[in-house]
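Please look over the sequence and the structure shown below before reading on. The report that follows takes up selected parts in turn and then turns to the chain as a whole.

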Amino acid sequence: MATKTPISTLLDFQLFHGAKIAVSKGALRTQLGSQAWQRAPLPKGDQALFADFATRSAGIVAAIPNRNSILFTVDGGRSWEQVPVPFMPLSPDPLSTRDWWMIGSIVGPLVNNPYKKNVHVVTYYLYHTTNAGRSWTRYSSSLWSQNSPDGVKFLNSSVGYLWTSYQLFLTTDGGRNFVARSLPDWLNIPSGHGLAPGGNGKAWVADGSYPLLVTSNFGANFDVASSKS
């Protein structure tokens, strides 16, 4: 059954027990049960680029023009805290109100490019905080440092996935090491919310169309999900 949303263009849509959350460029909208949708605007001038919520009340938004900070709420968007970050935030994954994973980029020096001016080296890292952004641990890998990752999702403090359009990367030691999985030609993970990790090596992927795909071995293989998987 399709779920009706309050706007047609969404950056993020999540279901929680008894609640729905929808994020557009300029506002957060929340629906409790069958009540009417409630709109909570972002701070004036901010436009959301990425968003994710740990609970129906606590979540993160990365927005422009403030690309060196993120917006954090613990009350469903009624108030926002601006949290400075030492990187350009791309795709957040909050596990709780204090435990956050995030993809971030660092812009480096200019590249000698005869075809295009002002091209900079951009390096991508995985960042983790357990104190709501007051300090960050940075993880790097040559597997994806020069390829913009599309999303990151952690199941817990140890198991997590990071992906590009054609590769999936698995960590089982909290980001210290990654294993690369080449995605099949017929599969891509189109967004920062395209993968949902589960226990016992399972993860589900929606590639933007039916059917839903599932892995039971940490992304080594994918199959069509059954109603029992």
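## The sheet of strands 5 to 8

In this predicted model, V61 stands opposite L71, a residue of strand 7. The two strands involved are strand 6, which covers residues 59-64, and strand 7, which covers residues 69-73, and they pair in the antiparallel sense over three bridges. Strands of a sheet pair through backbone hydrogen bonds, and the pairing may be either parallel or antiparallel.

Strands 6 and 7 belong to an open sheet of four strands, arranged in the order 5-6-7-8 with antiparallel pairing. At the edges of this sheet lie strand 5 (47-53) and strand 8 (81-84), each of which pairs on one side only. If direction is ignored, neighbouring strands of this sheet are turned against each other by 30 degrees on average.

## The sheet of strands 13 to 16

Another open sheet of four strands follows the order 13-14-15-16, and here too the pairing is antiparallel. Strand 13 (151-154) and strand 16 (179-182) stand at its edges, and because each has a single partner strand, one side of each is left without a neighbour in the sheet. From one strand to the next, the twist averages 20 degrees.

Within this sheet, strand 14 (residues 160-163) and strand 15 (residues 167-171) pair in the antiparallel sense over four bridges, and a hairpin of three residues joins strand 14 to strand 15. Across this pairing, Y161 stands opposite L170 of strand 15. On the side of strand 16, strand 15 is again joined by four bridges, with the two strands running antiparallel, and the bridge partner of Q167 in strand 16 is S182.

## Strand 15 and its surroundings

How many of the five residues of strand 15 are buried? Five of the five are, so strand 15 is largely enclosed by the rest of the structure; a residue is called buried here when its relative accessible area is under 20%. The side chains can be followed in two sets: Q167, F169 and T171 point one way from the strand, whereas L168 and L170 point the other way, and all of these residues are buried.

## Aromatic residues

The count of aromatic pairs comes to nine. One of them is formed by Y125 and Y127, whose ring centres are 6.2 Å apart and whose planes stand at 70 degrees, so this pair is edge-to-face. Y125 and Y127 are both buried, and they take part in one aromatic cluster together with F72, F87, W100 and W136.

## The chain as a whole

The protein chain has zero helices and 20 strands, so the two sheets described above can be read against a count made up of strands, as DSSP runs of E with at least two residues. Along its principal axes, the C-alpha trace spans about 55 × 45 × 35 Å. For 229 residues, a compact globule would have a radius of gyration near 17 Å, and the protein chain, with 18 Å, agrees with this.

Buried residues make up 44% of the 229 residues in the protein chain. The accessible surface comes to about 12,100 Å², and 51% of this area belongs to carbon and sulfur atoms. As for how the sequence is brought together, among contacts between residues at least 6 apart in sequence, 35% join residues at least 24 apart.

How values were computed. Residues are numbered from 1 along each chain as its sequence is written. This is a predicted model: local features need pLDDT of at least 70, side-chain atom pairs count only at pLDDT 80 or more; totals for chains, interfaces and linings use all residues. Side-chain values use heavy atoms; hydrogens and water are left out. Two strands pair if DSSP finds at least two bridges between them. Axes are lines fitted to C-alpha atoms, for helices over the stretch in contact, and angles run from 0 to 180 degrees between N-to-C directions. The radius of gyration is taken over C-alpha atoms; the globule rule is 2.2 Å times the number of residues to the power 0.38. Buried means under 20% relative accessible area, exposed over 50%, partly exposed in between (1.4 Å probe, protein chains only). Contact means heavy atoms within 4.5 Å. Accessible areas come from the Shrake-Rupley method with a 1.4 Å probe; for residues, only the protein chains shown count as cover. Rings of Phe, Tyr and Trp (its six-membered ring) pair if their centres lie within 6.5 Å; planes under 30 degrees apart count as stacked, over 60 as edge-to-face and the rest as tilted.
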